[in-house]
Amino acid sequence: MASESDRWYDDAAGPVVRPYAMTRGRTSHAAEAKLDLIALVVTRHAPGEGDPPADDPDLTPEHLDIIERCQYQALSVAELAADLDLPVGVVRVLVGDLLEAAHVHIHRPVPPAELPDESILRDVINGLRAL
Amino acid sequence: MAMARTDRRIEPAAEPMALKLLVAGGFGAGKTTLVGSVSEIRPLRTEESLSELGRPVDDVSGVEGKNTTTVAMDFGRITLREDLVLYLFGTPGQDRFWFLWDELAQGALGAVVLADTRRLADCFAAVDYFEQRGIPFSIAVNCFEGAELHDPQTVREALDLDPGTPVVLCDARERESAKNVLITVVEHAAYVAAAQRAPAGA
């Protein structure tokens with residue numbers, strides 16, 4: 001056990017697969033402009049319905065993971081990155097692929113120039129009070 | 001297999017809406033603590049080329065593609081309603097990660113600037129940043145044990161804030177206090193939004 005401190009284990013050793021290997025080296029995606037950190041990703045197929053995407057040879061396990069996670073709940077790009085323990089840039093590329101193949105759709109946040117509706121802000125305040 | 005979960009079908013919410021608030025402040029001002037008091041906190045990792053991160057704003061010429069950096073930020077999700085989610089992002093405290101702020105700030109509803117009165121200068125940069133970009137923000141003075149208590153007016157003067165900018169005292173460890181901080185900034189954002197909608201002088 002004495003040698004344990006000189007060695008790197010598990011997370012400390014860094015990823016076994018470099019993050020961008022999962023994207024086949026791509027660091028950006030054409031759809032990226034739509035993929036804000038809080039853009040919500042929703043899977044198009046209901047669970048168990050439609051063409052099983054697992055048969056799609058273009059989809060990696062990470063793609064399938066995203067499809068499955070977003071079936072039950074809309075998840076933001078940021079959450080997917082945290083849940084999958086992947087860098088945001090990698091998740092953007094993967095979600096971009098899924099968007100292109102129509103496996104998911106995206107709810108984009110309110111455009112920066114437009115302010116959210118007053119009633120929504122009221123809902124946010126009330127929601128926070130009720131926490 | 002994905003098929004094993006067919007029985008758990010949940011109708012996805014019709015038009016979910018996501019909003020975000022930023023939590024800024026100097027290193028050790030309590031950003032992580034505040035986010036953790038009101039939401040389940042998760043670390044978010046970015047490992048991207050610097051040129052890509054600066055994509056919307058920076059001239060990337062001269063930046064070679066292999067310059068990558070890993071930055072960890074805190075973020076939390078508060079589900080207010082099935083179709084309304086508030087995300088909190090703790091901005092990276094170190095100055096060298098400023099380039100990340102622009103993406104975070106885009107479309108943000110507002111920002112909380114956490115201040116530690118023992119090191120008030122640490123939050124000047126954040127105050128400037130939000131003022132310049134017109135992002136509604138409030139100052140939350142994190143009352144650390146052992147730190148001398150200053151009243152909000154003194155802090156306001158020390159930071160040379162606009163009269164409308166709220167200053168609240170808080171204990172970032174306390175959920176109720178952290179909630180109050182968030183409510184203050186959303187109320188301020190609503191006020192600013194209403195003022196912008198109303199024609200000037202109305």
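Let me start in chain B, where B:L34, B:S37 and B:V38 in helix α1(B) meet B:R175, B:A178, B:K179, B:V181 and B:L182 in helix α6(B). Sorted by class, the residues that make up this contact of α1(B) with α6(B) are five nonpolar, one polar and two charged. Before going further I should say that what we are looking at is a predicted model, so please hear everything that follows as a description of that prediction. The two helices, α1 with residues 31-38 and α6 with residues 175-197, pack at an angle of about 100°, and their axes are 8 Å apart. Since angles from 65 to 115 degrees count as roughly perpendicular, α1(B) and α6(B) are therefore described as roughly perpendicular to each other.

Staying in chain B, I would like to turn to the parallel strands, and to strand β6 in particular, which spans residues 137-142. Strand β6(B) pairs with strand β7(B), residues 167-170, in the parallel sense over four bridges. Within that pairing, B:A140 has B:V168 of β7(B) as its bridge partner, and B:N142 has B:C170 of β7(B). To get from β6(B) to β7(B), the chain passes through helix α5, residues 152-159, and this β-α-β crossover is right-handed.

Strand β6(B) also pairs with strand β5(B), residues 110-115; the two run parallel and are joined by five bridges. Here B:A115 is the residue that stands opposite B:V141 in β6(B). Helix α4(B), residues 124-133, together with β5(B) and β6(B), makes up a right-handed β-α-β unit.

How many of the residues of β6(B) are buried? The answer is six of its six, so to speak of this strand as mostly covered is fair. Both of its faces are covered, with B:F137, B:I139 and B:V141 buried on one side, and B:S138, B:A140 and B:N142 buried on the other.

The next residue takes us towards chain A. B:Y87 lies in strand β4 of chain B, which covers residues 84-90, and B:Y87 is buried, with 23 other C-beta atoms within 10 Å. Which residues is B:Y87 in contact with, leaving aside its neighbours within four places in sequence? From chain A there are A:I38, A:S76 and A:A78, and from chain B there are B:A18, B:K20, B:F75 and B:R77. Of these contacts, B:F75 is twelve residues away from B:Y87 along the chain, and the C-alpha atoms of the two are separated by 7.0 Å.

That brings me to chain A itself, whose secondary structure comes to four helices and three strands, and whose elements run β-α-β-α-α-β-α from the N terminus on. Chain A has 131 residues, of which 36% count as buried. Looking at contacts in chain A between residues at least 6 apart in sequence, 77% of them join residues that are at least 24 apart.

The three strands of chain A form an open sheet in the order β2-β1-β3, with antiparallel pairing. Strands β2 (75-76) and β3 (104-107) stand at the edges, each having a single partner strand, so one side of each is left without a neighbour in the sheet. Strand β1(A), residues 40-43, pairs with β2(A) in the antiparallel sense over two bridges, and A:L40 has A:S76 of β2(A) as its bridge partner. A:S76 is also one of the residues in contact with B:Y87.

Chain A has a helix pair to set beside the one I began with. Helix α1(A), residues 61-72, and helix α3(A), residues 88-100, pack at an angle of about 70° with their axes 10 Å apart, and α1(A) and α3(A) are therefore roughly perpendicular to each other. On the α1(A) side the contact is made by A:E62, A:H63, A:I66 and A:I67, and on the α3(A) side by A:L94, A:V95, A:D97 and A:L98. By class, this contact has five nonpolar, one polar and two charged residues.

I will finish with two backbone details in chain A. Most residues other than glycine have a negative phi. A:R24, which is not a glycine, has a positive phi near 50°; A:R24 sits in the segment before β1 of chain A and is exposed, with 9 other C-beta atoms within 10 Å. A:D85, also not a glycine, has a positive phi of about 55°. A:D85 is found in the loop between α2 (77-84) and α3 of chain A, and A:D85 is partly exposed, with 13 other C-beta atoms within 10 Å.

Notes: Residues numbered from 1 in each chain as written. Chains lettered and ligands numbered in written order. Predicted model: local features only at pLDDT ≥ 70, side-chain atom pairs only at ≥ 80, totals over all residues. Axes fitted to C-alpha atoms, helices over the stretch in contact; angles between N-to-C directions. Parallel < 35°, antiparallel > 145°, perpendicular 65-115°, else oblique. Contact = placed C-beta atoms within 7 Å. Nonpolar A, V, L, I, M, F, W, Y, C, P; charged D, E, K, R; others polar. Pairing = 2+ DSSP bridges. Buried ≥ 20, exposed ≤ 12 C-beta atoms within 10 Å, placed from the backbone. Right-handed = clockwise from strand over helix to strand, strands pointing away.
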